[in-house]
Amino acid sequence: QVQLVESGGGLVQAGGSLRLSCAASRSIFRIGVMAWYRQAPEKERELVATITSSSSTNYADSVKGRFTISRDNANNTVYLQMNSLKPEDTSVYYCKMMIESALGRWGSYWGQGTQVTVSS
């Protein structure tokens with residue numbers, strides 16, 4: 001069973017930066033779209049950024065120009081560089097990967113979540 005392991009969350013002051021990482025726990029046949037979501041208390045989970053296998057990216061309007069998603073295919077890892085952080089960015093951040101098995105079946109996998117807290 002594939003597991004996604006996240007790291008890099010923490011507490012930072014407004015205007016600061018954090019870099020999140022999410023790595024698949026074992027060798028993967030193929031990974032398609034990778035994404036980051038976030039969920040604040042009492043709010044629905046929202047899409048933050050996506051990156052395709054060809055490294056085409058998309059961002060939520062609320063993070064454009066501040067966050068950058070990237071991927072390292074050799075190490076089955078996706079990153080989220082977060083700059084100019086604001087208190088409203090405070091959330092639990094989740095990574096998600098679409099992974100193809102050796103049998104040719106695609107599945108959706110989620111990380112365990114990492115807390116990001118931005119103080120004002």
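These exercises work through a predicted model of one protein chain.

## Exercise 1: The overall build

Task: State how many helices and strands the protein chain has, and decide how compact the chain is.

Solution.
Step 1. Count the elements. The protein chain has zero helices and eleven strands. Read from the N terminus, every element is therefore written as β: β-β-β-β-β-β-β-β-β-β-β.
Step 2. Check the radius of gyration. The value is 14 Å, close to the 14 Å that the globule rule gives for 120 residues, so the protein chain is as compact as a globular protein of that length.
Step 3. Look at the box. Along the principal axes, the C-alpha atoms fill roughly 50 × 25 × 25 Å.
Step 4. Look at cover and surface. Of the 120 residues, 42% are buried. The accessible surface comes to about 6500 Å². Carbon and sulfur atoms account for 46% of that surface.
Step 5. Look at the contacts. Take those between residues at least 6 apart in sequence: 54% of them join residues at least 24 apart.

## Exercise 2: The two faces of E11

Task: Sort the side chains of strand E11 (residues 114-119) by face, and say which face is buried.

Solution.
Step 1. Recall the pattern. In a regular strand the side chains alternate between the two faces of the sheet.
Step 2. Sort the residues. Thr-114, Val-116 and Val-118 point to one face. Gln-115, Thr-117 and Ser-119 point to the other.
Step 3. Assign the cover. The face with Thr-114, Val-116 and Val-118 is buried. The side chains of Gln-115, Thr-117 and Ser-119 are not buried.
Step 4. Find the neighbours of E11. Strand E2 (residues 10-13) pairs with E11 in the parallel sense, over four bridges. Here Leu-11 stands opposite Thr-117. Strand E9 (residues 91-100) pairs with E11 in the antiparallel sense, over three bridges. In that pairing, Val-92 has Gln-115 as its bridge partner.

## Exercise 3: E4 and its partners

Task: Find which strands pair with E4, and in which sense.

Solution.
Step 1. Start with cover. Seven of the ten residues of E4 are buried, so by the 20% cut-off the strand is mostly covered.
Step 2. Take E9. E4 and E9 are antiparallel and share eight bridges. Gln-39 of E4 stands opposite Val-92 in E9.
Step 3. Take strand E5 (residues 46-51). Five bridges join E5 to E4, and the two run antiparallel. Trp-36 has Ala-49 in E5 as its bridge partner.
Step 4. Inspect the turn. E4 and E5 form a hairpin with six residues between them. In the turn, Glu-42 has a positive phi of about 65°.

## Exercise 4: The disulfide

Task: Locate the disulfide and determine its handedness.

Solution.
Step 1. Count. The model holds one disulfide.
Step 2. Name the pair. Cys-22 is joined to Cys-95, with an S to S distance of 2.0 Å.
Step 3. Place the pair. Cys-22 lies in strand E3 (residues 18-24) and Cys-95 in strand E9. The two are 73 residues apart, so distant parts of the chain are linked.
Step 4. Read the torsion. The torsion about the S-S bond is about 55°, so the disulfide is right-handed.
Step 5. Check cover. Both Cys-22 and Cys-95 are buried.

## Exercise 5: Salt bridges

Task: Trace the salt bridge of Arg-30, then find which residues form a network.

Solution.
Step 1. Recall the principle. Side chains of opposite charge can pair when their charged atoms come close.
Step 2. Count. The whole structure has five salt bridges.
Step 3. Take Arg-30. Arg-30 bridges to Glu-100, with the closest N and O atoms 2.7 Å apart. Arg-30 is in strand E4 (residues 30-39) and Glu-100 is in strand E9, 70 residues apart. Arg-30 is partly exposed at 45% relative accessibility. Glu-100 is buried at 8%.
Step 4. Take Arg-38. Arg-38 meets Glu-46 in a salt bridge of 2.6 Å, N to O. Arg-38 is buried at 5% relative accessibility, while Glu-46 is partly exposed at 35%.
Step 5. Take Asp-89. Asp-89 bridges to Arg-66, with the closest N and O atoms 2.7 Å apart. Asp-89 sits in the loop between strand E8 (77-82) and E9. Arg-66 sits in the loop between strand E6 (57-59) and strand E7 (67-72). Asp-89 is buried at 0% relative accessibility, and Arg-66 is buried at 11%.
Step 6. Join them up. Arg-38, Glu-46, Arg-66 and Asp-89 are linked in a network of salt bridges.

Technical notes
Residues are numbered from 1 along each chain as its sequence is written. This is a predicted model: local features need pLDDT of at least 70, side-chain atom pairs count only at pLDDT 80 or more; totals for chains, interfaces and linings use all residues. Side-chain values use heavy atoms; hydrogens and water are left out. Buried means under 20% relative accessible area, exposed over 50%, partly exposed in between (1.4 Å probe, protein chains only). Two strands pair if DSSP finds at least two bridges between them. A salt bridge is a side-chain nitrogen of Lys or Arg within 4 Å of a carboxyl oxygen of Asp or Glu. The radius of gyration is taken over C-alpha atoms; the globule rule is 2.2 Å times the number of residues to the power 0.38. Contact means heavy atoms within 4.5 Å. Accessible areas come from the Shrake-Rupley method with a 1.4 Å probe; for residues, only the protein chains shown count as cover. A disulfide is a pair of cysteine sulfur atoms within 2.5 Å.
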